[in-house]
Amino acid sequence: MGGLAVLLLLGFYLWGAYKIVRLAKPRWAKALVILVVILIPTADAVYGRIKLRQMCAAEGGFKINHVASGVDGFLIDQGASDFWIKQYGYQYNEGGERPDQRVNRYVLRDGAIALEWNVPSLARYEARFVRPNMREQFERDEYRVRDSKNDEVLGKYVQIGFRGGWAEQMLRGFSDAGAGWAASCGQQDPRIFESLILKTLKPTPNIKGE
């Protein structure tokens, strides 16, 4: 049904444009009407994509402000995992954060990895995914690593999306695709988060769980 509604709207628009072009007498008037017909649904979409490229060049991708060395572990909002201990040599990893700031924690202890449930957080460093304000025309998704001691953002990866021109947004509202970005730079990928963490939080050397 959504696709049919899109076709009907497009058909009515083109039919109305055709009628207006036929009523326009001088050739220059017909050309002007055709130009307006093209610009009404596309002008803001074209401008938005130009602005998106500018924003991506200025703000998108990795931005590393500081690198912390000798990091024992960190909190990640995707949930605690022993992956970080086994793969990269951190001594612990926290996740599953609760309102009372208690977490689940994987910890390397006496050469073995143990799981601790519902314990107070030890982590100074936090890795979080920050979601955008969905009402904005241009939106940002950020993977962010922060030092909770001084509120410093050590680094972030920024993805910027453009919701499209008014016509695109209206048509998507009728289509099965629903709301979303018409264009973007960057990507939402757990490997991006992994790369950001490794760029900003260097684990304590010579400690690695097996």
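This is a short walk through one predicted model, from the overall fold to a few side-chain details.

Let me begin with the whole chain, and please keep in mind throughout that we are looking at a predicted model. The protein has 210 residues, of which 35% count as buried, and its secondary structure consists of five helices and 11 strands. If we take the contacts between residues at least 6 apart in sequence, 54% of them join residues at least 24 apart. The accessible surface comes to about 12,600 Å², and carbon and sulfur atoms supply 58% of that area.

I turn now to the covalent cross-link. As a reminder, a disulfide is a covalent bond between the sulfur atoms of two cysteines. The structure holds one disulfide, and it joins Cys56 to Cys185 with an S to S distance of 2.0 Å. This disulfide links distant parts of the chain, since Cys56 belongs to helix α2, which covers residues 27–59, while Cys185 belongs to strand β10, which covers residues 183–185, and the two cysteines are 129 residues apart. The rotation about the S-S bond is -95 degrees, and the link of Cys56 and Cys185 is accordingly described as left-handed. Are these two cysteines buried or exposed? Cys56 is buried, and Cys185 is buried as well.

Next come the charged side chains, where the count comes to 12 salt bridges, and I will discuss some of them. In one of these, the side chains of Arg105 and Glu116 meet with 2.9 Å between N and O. Arg105 sits in strand β5, residues 102–109, and Glu116 sits in strand β6, residues 112–120, so that the pair, 11 residues apart, links distant parts of the chain. Both partners, Arg105 and Glu116, are buried.

A second example is the salt bridge between Glu126 and Arg146, whose closest N and O atoms are 2.7 Å apart. Here too the pair links distant parts of the chain, with Glu126 in strand β7, residues 125–130, and Arg146 in strand β8, residues 138–147, at a separation of 20 residues. Arg146 also forms a salt bridge with Asp151, and in that case the closest N and O atoms are 2.6 Å apart. Which residues belong to the network of salt bridges here? The network links Glu97, Glu126, Arg128, Arg146 and Asp151.

The burial of three members of this network is worth stating one by one. Glu126 counts as buried because its relative accessibility is 12%, which is under the 20% limit for that class. Arg146, with a relative accessible area of 23%, is partly exposed, whereas Asp151, with a relative accessible area of 53%, is exposed.

Let me go back to strand β5, where we find Asn104. Asn104 has a relative accessible area of 13% and is therefore buried. Its side chain reaches the backbone nitrogen of Asn118 at 3.1 Å. If we leave aside its neighbours within four places in sequence, Asn104 is in contact with Ala80, Asn93, Glu94, Gly95, Arg98, Glu116, Trp117 and Asn118. That list includes Glu116, the residue that we met a moment ago as the salt-bridge partner of Arg105.

Asn118 brings me to the backbone. Most residues other than glycine have a negative phi. Asn118, which is found in strand β6, has a positive phi of about 55 degrees although it is not a glycine. Asn118 counts as partly exposed, at 35% relative accessibility. Asp110 is another such residue, with a positive phi near 55 degrees, and its place is in the loop between β5 and β6. Why does Asp110 count as exposed? The reason is that its relative accessibility is 80%, and the exposed class begins over 50%.

Finally, a word about the nonpolar surface. Phe62, Ile64 and Val67 form a nonpolar patch on the surface, and together they have about 210 Å² of accessible area. Within this patch, Ile64 is located in strand β1, residues 61–64, and with a relative accessible area of 37% Ile64 is partly exposed.

Conventions
Residues numbered from 1 in each chain as written. Predicted model: local features only at pLDDT ≥ 70, side-chain atom pairs only at ≥ 80, totals over all residues. Heavy atoms only, no water. Disulfide = S-S within 2.5 Å. Helix = DSSP H or I, 4+ residues; strand = E, 2+ residues; numbered from the N terminus. Buried < 20%, exposed > 50% of the residue type's maximum accessible area, 1.4 Å probe, protein only. Salt bridge = Lys/Arg side-chain N within 4 Å of Asp/Glu carboxyl O. Polar contact = N/O pair within 3.5 Å; in protein donor to acceptor, adjacent residues only side chain to side chain. Contact = heavy atoms within 4.5 Å. Patch = residues over 30% accessible without salt bridge, like charges linked within 9 Å, V, L, I, M, F, W, Y side chains within 5 Å. Areas by Shrake-Rupley, 256 points an atom, 1.4 Å probe, with all protein chains shown as cover.
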